[in-house]
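Welcome, and thanks for taking a look at this one. Please open the chain in your viewer and keep it beside you while you read the briefing below.

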Amino acid sequence: RWLMGDLDIAGYGPLLAALPLCAVAFLAFAWLPRPLNLLSLDTDATISGDAAVGRANLAVTSGTLTADRIISAPASADWGRLVVSGGTVTATNGVDGSVNTTATFAIDLNGGELRTPSIRVADRELGPSNSAWLTFNGGTLKAIGANNADFITTYGGGQNTYVASGGAIIDTNGFNTGILVNLIDQGGGLIKEGAGTLTLGG
């Protein structure tokens with residue numbers, strides 16, 4: 001499917017919607033210099049395959065983004081970050097930063113809603129230039145698909161995720177959902193929404 005509307009890559013202005021979003025994203029992520037590697041989405045887009053993020057921040061501020069999976073990019077997988085500040089992001093078959101790397105794939109849930117059956121994210125705490133983890137800060141994480149006793153898993157060394165001042169909002173959406181990783185409190189709280197059971201084991 002095709003991207004509808006403008007796509008803004010920081011410093012480069014709008015691009016015509018002449019390529020599938022996945023192709024535009026790959027070009028932006030693989031070759032933009034690091035200070036400019038931000039792909040900001042504020043419209044509606046659907047990808048029939050995976051959305052691959054590499055050497056870039058994929059920032060969703062409004063609208064909707066739907067993809068099969070959100071994964072690390074095969075050609076530039078040393079780092080990547082998904083930032084949801086508004087809108088709705090749906091990864092039908094999960095978010096998995098470890099698909100093409102064991103390096104730094106981070107997720108920041110600052111607002112909006114991330115819908116997924118599972119998350120696999122880095123927990124690398126190796127200093128300012130080589131760290132990545134999942135941060136809850138006011139966004140909603142909504143379970144879809146099926147019951148999952150191990151909804152969030154990490155790789156890269158640790159078993160920590162972090163709850164900032166905006167808090168962690170988890171919507172079990174009728175499913176029995178388990179979170180076995182640690183939820184480290186950094187001034188926020190945990191709100192459980194929706195039917196189904198949330199089990200914490202970290």
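Is Glu113 buried or exposed? Glu113 has a relative accessibility of 16%, and because the cut-off for buried is under 20%, Glu113 counts as buried. Please keep in mind that this is a predicted model. The chain contains one helix and 25 strands, and 47% of its 202 residues are buried.

**The chain as a whole**

- The accessible surface amounts to about 8600 Å², and carbon and sulfur atoms account for 52% of that area.
- Of the contacts between residues at least 6 apart in sequence, 58% link residues that are at least 24 apart.

**The open parallel sheet**

- Seven strands make up an open sheet with parallel pairing, and their order is β4-β7-β10-β13-β18-β21-β24.
- At the edges sit β4 (45–46) and β24 (190–193), each of which pairs on one side only.
- As general background, the strands of a sheet pair through backbone hydrogen bonds, in either a parallel or an antiparallel sense.
- Strand β13 (residues 113–116) pairs with β10 in the parallel sense through three bridges, and Glu113 in β13 is the bridge partner of Thr88.
- β13 also runs parallel to β18, with four bridges joining the two; here Thr116 is placed opposite Ala143 of β18.
- Going on from β18, three bridges pair it in the parallel sense with strand β21 (residues 168–171), where Ile170 stands opposite Leu141.
- Strand β18 (residues 140–143) is covered on both faces: Thr140 and Lys142 are buried on one side, and Leu141 and Ala143 are buried on the other.

**A closer look at Thr90**

- Thr90 belongs to strand β10 (residues 88–91), and its relative accessibility of 15% makes it a buried residue.
- Leaving aside residues up to four places away in sequence, Thr90 touches Leu65, Thr66, Ala67, Arg115 and Ile144.

**The nonpolar core**

- The largest nonpolar core holds 38 residues, and Ile70, Ile107, Phe136 and Ile152 have the most contacts inside it.
- Strand β12 (residues 104–109) supplies the largest share of this core, with four residues.
- Beyond residues up to four places away in sequence, the contacts of Ile70 include Ala51, Val53, Leu82, Val89 and Phe105.
- Gly94, Val95 and Asp96 are also among the residues that Ile70 touches.

**Salt bridges**

- The count of salt bridges comes to three.
- In general, side chains of opposite charge can pair when their charged atoms come close.
- Arg69 and Asp50 form one salt bridge, with their closest N and O atoms 2.7 Å apart.
- Arg69 is in the loop between β7 (64–67) and β8 (70–72), while Asp50 is in the loop between β4 and β5 (51–53), so this pair ties together parts 19 residues apart in sequence.
- Both ends of that bridge are partly exposed: Arg69 has a relative accessible area of 26%, and Asp50 has one of 25%.
- Arg81 and Asp108 also meet through their side chains in a salt bridge, at 2.9 Å from N to O.
- Since Arg81 lies in strand β9 (residues 79–84) and Asp108 in strand β12, this salt bridge ties together parts that are 27 residues apart in sequence.
- Arg81 counts as partly exposed at 25% relative accessibility, whereas Asp108 is buried with a relative accessible area of 14%.
- Glu113, from the opening question, meets Arg115 in a salt bridge at 2.5 Å from N to O.
- Arg115 is partly exposed, with a relative accessible area of 30%, whereas Glu113 counts as buried.

**The aromatic pair**

- How many aromatic pairs does the structure hold? There is one.
- The ring centres of Trp133 and Tyr162 are 5.4 Å apart and the ring planes stand at 55 degrees, so this pair is tilted.
- The pair links distant parts of the chain, 29 residues apart: Trp133 is in the loop between β16 (131–132) and β17 (134–136), and Tyr162 is in strand β20 (residues 160–163).
- Trp133 is partly exposed at 28% relative accessibility, but Tyr162 is buried at 10%.

Terms used
Residues are numbered from 1 along each chain as its sequence is written. This is a predicted model: local features need pLDDT of at least 70, side-chain atom pairs count only at pLDDT 80 or more; totals for chains, interfaces and linings use all residues. Side-chain values use heavy atoms; hydrogens and water are left out. Buried means under 20% relative accessible area, exposed over 50%, partly exposed in between (1.4 Å probe, protein chains only). Contact means heavy atoms within 4.5 Å. A nonpolar core is a set of buried Ala, Val, Leu, Ile, Met, Phe, Trp, Tyr and Cys residues joined through side-chain atoms within 4.5 Å. Two strands pair if DSSP finds at least two bridges between them. A salt bridge is a side-chain nitrogen of Lys or Arg within 4 Å of a carboxyl oxygen of Asp or Glu. Rings of Phe, Tyr and Trp (its six-membered ring) pair if their centres lie within 6.5 Å; planes under 30 degrees apart count as stacked, over 60 as edge-to-face and the rest as tilted. Accessible areas come from the Shrake-Rupley method with a 1.4 Å probe; for residues, only the protein chains shown count as cover.
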